[in-house]
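Open the model in your viewer and keep the selection tool at hand. We will go from the overall view to single residues, one stop at a time.

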Amino acid sequence: MGSSKTANALMKKFNFEERGRTVALLKPSLDTRNGKTLIKSRIGLSSEAFFLDRDKTIKETIGDDSKYDTIMIDEAQFLTVDQVDELREMADNGIMVMCYGLKTDYTGHLFEGSKRLVEVSDTIREIQSMCSKCGTKAIVNARYCGNKVVYVGNIIDIGGEEKYITLCHKCWTKGII
Ligand SMILES: [Zn+2]
């Protein structure tokens with residue numbers, strides 16, 4: 001993907017840990033993988049993370065939450081509404097919560113998790129990315145096949161990273177990449 005959200009999350013995690021914070025990094029799991037995974041960014045940073053199953057709570061996943069003062073989520077667009085609400089409650093109880101993810105899917109609509117995050121977050125920061133075609137601000141993480149933009153199909157496409165490109169709305173509407 002053209003955005004650098006994973007790199008941003010990992011840099012923030014390292015900075016926090018340098019300052020003595022205890023950070024739990026989680027990544028929503030789209031299938032039923034449990035345990036831990038390694039999150040890597042394109043600029044070489046990596047960190048171990050908990051898989052967060054759709055049917056599990058944050059607390060079930062990280063165990064005793066009292067040892068973490070910070071929760072970070074990568075690919076936060078795939079959180080469920082219940083998980084976002086649990087994170088909101090944790091933030092209300094003094095835990096720092098930071099979520100990194102895409103706002104909209106390849107059809108230009110809010111993901112379920114992103115919608116809830118927009119509704120309940122204290123602060124939203126946009127990481128800007130450029131249209132791969134014309135260099136203006138990208139707003140769609142478009143799916144493509146060959147040189148054509150795809151507008152229909154399953155919203156969640158595991159492992160489909162190579163089929164996505166960041167586009168501005170005008171280039172996305174034209175449909176040719
Ligand atoms: Zn463009």
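What share of the 177 residues in the protein is buried? Buried residues make up 30% of them. Keep in mind on this tour that you are looking at a predicted model.

**The whole chain**

Start with everything shown as a cartoon. The protein has five helices and eight strands. Followed from the N terminus, the elements come in the order α-β-β-β-α-β-α-β-α-β-β-β-α. Along the principal axes, the C-alpha atoms fill a box of roughly 50 × 30 × 30 Å. The radius of gyration is 17 Å, which agrees with the value near 16 Å that a compact globule of 177 residues would have. Among contacts with a separation of 6 or more, 68% are between residues 24 or more positions apart.

**Two domains**

Next, colour residues 5-120 and residues 140-174 separately: the domain assignment gives these as domain 1 and domain 2. Their C-alpha centres lie 24 Å apart. How many residues of domain 1 are in contact with domain 2? Eight residues of domain 1 are in contact with nine residues of domain 2. On the domain 1 side, the touching residues divide into three nonpolar, three polar and two charged.

**The five-stranded sheet**

Now pick out strands β1 to β5. These five strands form an open sheet in the order β2-β3-β1-β4-β5, with mixed pairing. Select 36-40 for β2 and 96-99 for β5: these two stand at the edges, each with a single partner strand, so one side of each has no neighbour in the sheet. From one strand to the next, the twist averages 35 degrees.

Walk across this sheet, beginning at β2. Five bridges pair β2 with β3 in the antiparallel sense. Show Lys-40 and Ser-46 to see one facing pair, with Ser-46 in β3. These two strands make a hairpin with five residues between them, where Gly-44 takes a positive phi near 100 degrees.

Step on to β1, residues 23-29. β1 and β3 run parallel and are joined by four bridges. Select Pro-28 and you will find Leu-52 as its bridge partner in β3. Towards β4, residues 70-73, β1 again pairs in the parallel sense, over four bridges. Here the pair to display is Leu-26 with Ile-73, which stand opposite each other.

Before leaving the sheet, add helix α3 by selecting residues 81-92. Which strands does helix α3 lie across? The helix lies across β3 (46-53), β4 and β5, and runs at about 145 degrees to β5.

**A stop at Ser-121**

Select Ser-121, which sits in the loop between α4 (112-120) and β6. Ser-121 has 17 C-beta neighbours inside 10 Å and therefore counts as partly exposed, as a residue needs 20 or more to be buried and 12 or fewer to be exposed. Now pick Ala-91 as well and draw a distance: the C-alpha atoms of Ser-121 and Ala-91 are separated by 9.7 Å, although the two residues are 30 apart along the chain.

**The three-stranded sheet**

Finally, move to strands β6, β7 and β8. They form an open sheet in the order β7-β6-β8, with antiparallel pairing. Select 148-150 for β7 and 164-167 for β8 to mark the edge strands, each of which pairs on one side only. Neighbouring strands of this sheet are turned by 55 degrees against each other on average, direction ignored.

Centre the view on β6, residues 140-145, which three bridges join to the antiparallel β7. Four bridges join β6 to β8, also antiparallel.

Which residue is the bridge partner of Arg-143 in β7? That partner is Val-150. In β8, the bridge partner of Arg-143 is Tyr-164, so show these residues together for a view across the sheet: Val-150 in β7, Arg-143, and Tyr-164 in β8. Move along to Tyr-144, whose bridge partner in β7 is Val-149.

The last stop is the turn of the hairpin formed by β6 and β7, which has two residues between the strands. Select Gly-146 there and check the backbone: Gly-146 has a positive phi of about 65 degrees.

Methods:
Residues numbered from 1 in each chain as written. Predicted model: local features only at pLDDT ≥ 70, side-chain atom pairs only at ≥ 80, totals over all residues. Pairing = 2+ DSSP bridges. Axes fitted to C-alpha atoms, helices over the stretch in contact; angles between N-to-C directions. Rg over C-alpha atoms; globule rule 2.2 N^0.38 Å. Contact = placed C-beta atoms within 7 Å. Domains from an automatic or database assignment. Nonpolar A, V, L, I, M, F, W, Y, C, P; charged D, E, K, R; others polar.
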